[in-house]
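Colleague: Could you take me through one part of this model closely? I would like to look at the aromatic side chains and what surrounds them.

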Amino acid sequence: TITYSTGPTDLSTGTVEGTFNPSTFTYNGTNQYPSSYNIYFNGSLLIEGQDYNLSWPSDSYSVGTKDVEITGIGNYIGTVIINSAYEIEAAPLIDLNDSSQIRITNSPSQEYSGQIFEPRPKVERYIDGSWVALTRDQDYYTVYDEDPLNVGRYYYTIKGNEYSGYT
């Protein structure tokens with residue numbers, strides 16, 4: 001009698017692929033993940049929780065392509081990355097003059113202090129039936145025509161980061 005044993009298969013020794021549905025999302029400021037997916041090793045379907053665990057990226061809310069991490073369990077070992085598993089696309093920045101879609105609350109005026117004053121407007125977008133606050137330097141940024149140091153009237157422009165285009 002010959003005795004032998006087999007060990008788990010290392011995922012890095014073969015081809016790991018995935019199908020993700022949906023594979024494209026539009027930015028909405030929240031984490032987004034495909035609702036269904038299949039992971040294959042050398043063409044064979046793996047079972048989540050039995051053959052592997054899947055880790056979603058920590059930035060599943062921002063614009064860009066997303067990689068997922070697959071870690072073997074049970075009969076599989078090793079960790080591999082599926083690059084560009086899905087994508088979050090920039091949402092269009094709506095015309096700021098369209099008050100049904102975007103709302104801006106300006107910062108209050110400030111008395112002269114000898115310091116540069118950069119107002120911090122509150123920018124909100126109407127998404128799925130409610131007003132959602134956008135995050136400065138993430139969703140949008142402001143460009144000032146000049147440094148607001150002296151007494152006077154100053155203008156700024158809001159441009160999109162996660163939202164494409166500008167206003």
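Modeller: Start with Tyr86. This is a predicted model, and in it Tyr86 has a relative accessibility of 1%. The cut-off for buried is under 20%, so Tyr86 counts as buried.

Now look at its partner. Tyr86 forms an aromatic pair with Phe25. The two ring centres are 5.7 Å apart, and the planes meet at 75°. Planes over 60 degrees apart count as edge-to-face, so that is the name for this pair. Phe25 is buried too, with a relative accessible area of 13%.

Where do these two residues sit? Phe25 is in strand 3, residues 24-26. Tyr86 is in strand 9, residues 79-89. They are 61 residues apart, and the pair links these distant parts of the chain.

The two strands also meet directly. Strand 3 and strand 9 run parallel, joined by 3 bridges. Across from Phe25, in strand 9, stands Ile88. So keep two partners of Phe25 apart in your mind: Ile88 stands opposite it in the strand pairing, while Tyr86 is its partner in the ring pair.

Step back to the sheet. It is open and has 4 strands, in the order 3-9-7-6, with mixed pairing. Strand 3 and strand 6 are at its edges. Each has a single partner strand, so one side of each has no neighbour in the sheet. On average, neighbouring strands are turned by 35° against each other, direction ignored.

Back to the rings. The structure holds 7 aromatic pairs. Another one is formed by Phe20 and Trp56. Their ring centres are 6.5 Å apart and their planes stand at 70°, so this pair is edge-to-face. Phe20 belongs to strand 2, residues 16-21. Trp56 is in the loop between strand 6 (52-55) and strand 7 (64-72). The pair therefore ties together parts that are 36 residues apart in sequence.

Are these two rings buried or exposed? Phe20 has 11% relative accessibility, so it counts as buried. Trp56 has a relative accessible area of 26%, so it is partly exposed.

Now put the pairs together. Phe20, Phe25, Tyr33, Tyr37, Trp56 and Tyr86 form one aromatic cluster. Both of the pairs we looked at have their residues in that list.

Follow the chain on from Phe20 and you reach an unusual bond. Most peptide bonds are trans. The one from Asn21 to Pro22 is cis, with omega near -10°. Pro22 lies in the loop between strand 2 and strand 3.

There is a backbone point in strand 9 as well. Most residues other than glycine have a negative phi. Ser84, in strand 9, has a positive phi of about 55°. Its relative accessible area is 48%, so Ser84 is partly exposed. Asn42 also has a positive phi, near 50°. Asn42 is in the loop between strand 4 (36-41) and strand 5. At 49% relative accessibility, Asn42 counts as partly exposed.

One last stop is Asp51, in the loop between strand 5 (44-45) and strand 6. Asp51 is buried, yet it has no salt bridge. The nearest side chain of opposite charge is Lys66, 27 Å away. A salt bridge needs the charged atoms within 4 Å. What does Asp51 touch, beyond its neighbours within four places in sequence? Its contacts are Leu46, Thr71, Gly72, Ile73 and Tyr76.

Methods
Residues are numbered from 1 along each chain as its sequence is written. This is a predicted model: local features need pLDDT of at least 70, side-chain atom pairs count only at pLDDT 80 or more; totals for chains, interfaces and linings use all residues. Side-chain values use heavy atoms; hydrogens and water are left out. Rings of Phe, Tyr and Trp (its six-membered ring) pair if their centres lie within 6.5 Å; planes under 30 degrees apart count as stacked, over 60 as edge-to-face and the rest as tilted. Buried means under 20% relative accessible area, exposed over 50%, partly exposed in between (1.4 Å probe, protein chains only). Two strands pair if DSSP finds at least two bridges between them. Axes are lines fitted to C-alpha atoms, for helices over the stretch in contact, and angles run from 0 to 180 degrees between N-to-C directions. Lys and Arg count as positive and Asp and Glu as negative; His and the chain ends are not counted. Contact means heavy atoms within 4.5 Å.
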